[in-house]
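Trainee: Can we go through this one together, question by question? I'd like to see how each answer is reached.

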Amino acid sequence: MLRSRLTFKALLGAAALAAVAVASPSAALDPAVTRASATAAVPAVTAADRVLGRADAPVTVIEYASFTCSHCAHWTNDVLPQFKARYIDTGKVRLVFRDMPTPPAQIAATAAGIARCAAPNRFFDVAHSLMSGQAAAFEKGDARDWFAAAIAASGRTQEQIETCMKNPATSQALQAEVDGAVAAGVTGTPSFFVNGRRVSDHSLEALSAAIDPLIRAR
């Protein structure tokens, strides 16, 4: 269950990374995680967040995603390039990526840990590697090459990644994002918030409909 403490212990070390098998991905969270009604606002952006775009962009889009979520991979691979060209590269939007691991949660949490432990400014390189390689990993049923490619994109050695993942602060930070997502009512991935307001449709058209009025109102 995602609500329980996430841990990387079972997947640390070269032998463990080489032995992980991948199950089918899921875009929906375990219902037991989200059975309580949400009352909290989406957590504010902090220095700990992974941000793509200018810090002073007028619109903030927060994405909750999982590296084992096929819909998240679709959004990253097919929608993000257009979204980035239209809004991020033009300084209109900053995109904040937050983790919300979905089943198989241990695999998703390990992928999230690798991305979190990347060198400065390499997080989105790792995220791209994981999302672009997700389908092949699931088809193959083995995460070895998937994790290895992510580590190769991280700017760190495998030893450095493993050391970082053993640090309790890494799993604590991931758990804090999960807790914040659940409190904010996130019930599936990907989930998007535009300047704090939930957008249920993650198509480019729906996101544009939420973003464009905010830009025009500046």
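**A walk through the fold**

Mentor: Of the 218 residues of the protein, 50% count as buried, where buried means under 20% relative accessible area, exposed over 50% and partly exposed in between (1.4 Å probe, protein chains only). Before you start: this is a predicted model, so local features need pLDDT of at least 70 and side-chain atom pairs count only at pLDDT 80 or more, while totals for chains, interfaces and linings use all residues. Residues are numbered from 1 along each chain as its sequence is written, and side-chain values use heavy atoms, with hydrogens and water left out.

Trainee: How many helices and strands does the protein have, and in what order do the elements run from the N terminus on?

Mentor: Helices (H or I, at least four residues) and strands (E, at least two) are DSSP runs, numbered from the N terminus. On that basis there are 8 helices and 5 strands. Their order is α-β-β-α-β-α-α-α-α-α-β-β-α.

Trainee: Among contacts between residues at least 6 apart in sequence, what percentage join residues at least 24 apart?

Mentor: Contact here means heavy atoms within 4.5 Å. With pairs at least 6 apart in sequence as the pool, the share joining residues at least 24 apart is 82%.

Trainee: How do helix 2 and helix 8 run, roughly parallel or roughly antiparallel?

Mentor: Axes are lines fitted to C-alpha atoms, for helices over the stretch in contact, and angles run from 0 to 180 degrees between N-to-C directions. Angles under 35 degrees count as roughly parallel, over 145 as roughly antiparallel, 65 to 115 as roughly perpendicular and the rest as oblique. The axes of helix 2 (residues 70-88) and helix 8 (residues 204-216) come within 11 Å and cross at roughly 20 degrees. That makes the pair roughly parallel.

Trainee: Which residues make that contact between helix 2 and helix 8?

Mentor: From helix 8 come Leu204, Leu207, Ser208, Ile211, Asp212 and Ile215. On the helix 2 side, the residues are Trp75, Val79, Gln82, Phe83, Arg86 and Tyr87.

Trainee: What about helix 3 and helix 4: roughly parallel or roughly antiparallel?

Mentor: The axes of helix 3 and helix 4 (residues 123-140) come within 8 Å and cross at roughly 150 degrees. So helix 3 is roughly antiparallel to helix 4. As for who touches whom, helix 3 brings Ala111, Ile114, Ala115 and Arg116, and helix 4 brings Phe123, Val126 and Leu130. The word you asked for, then, is antiparallel, and roughly so.

Trainee: At what angle do helix 3 and helix 7 cross?

Mentor: Ala109, Ala112 and Arg116 of helix 3 meet Thr170, Ala173, Leu174 and Glu177 of helix 7. The two helices are roughly perpendicular to each other. With helix 3 at residues 105-116 and helix 7 at residues 168-183, their axes come within 10 Å, and the crossing angle is roughly 115 degrees.

Trainee: Where do the buried residues of helix 6 fall, and within what arc?

Mentor: In helix 6 (residues 158-166), Ile161, Glu162 and Met165 are buried. They line one face of the helix, because seen down its axis they fall within a limited arc, taken from the directions from the helix axis to the C-beta atoms. On the other side, Glu159, Thr163 and Lys166 are exposed. The arc of the buried face is 95 degrees.

Trainee: Ser154 is in the loop between helix 5 (144-152) and helix 6. Which residues is Ser154 in contact with, leaving aside neighbours within four places in sequence?

Mentor: Ser154 is buried, with a relative accessible area of 0%. Its side chain reaches the backbone nitrogen of Arg156 at 3.1 Å, but Arg156 is a neighbour in sequence that we leave aside here. The contacts that count are Ala118, Ala119, Arg122, Val126 and Ile161.Trainee: Which peptide bonds are cis?

Mentor: Most residues other than glycine have a negative phi, and most peptide bonds are trans. Pro190 is found in the loop between helix 7 and strand 4 (191-194), and Pro104 in the loop between strand 3 (93-99) and helix 3. The cis bonds include Thr189 to Pro190, with omega near -5 degrees, and Pro103 to Pro104, with omega about -5 degrees.

Trainee: Asn121 is not a glycine, so to speak of its backbone: what is its phi?

Mentor: Asn121 is found in the loop between helix 3 and helix 4. Asn121 is exposed, with a relative accessible area of 79%. Its phi is positive, at about 70 degrees.

Terms used: Polar contact = N/O pair within 3.5 Å; in protein donor to acceptor, adjacent residues only side chain to side chain.
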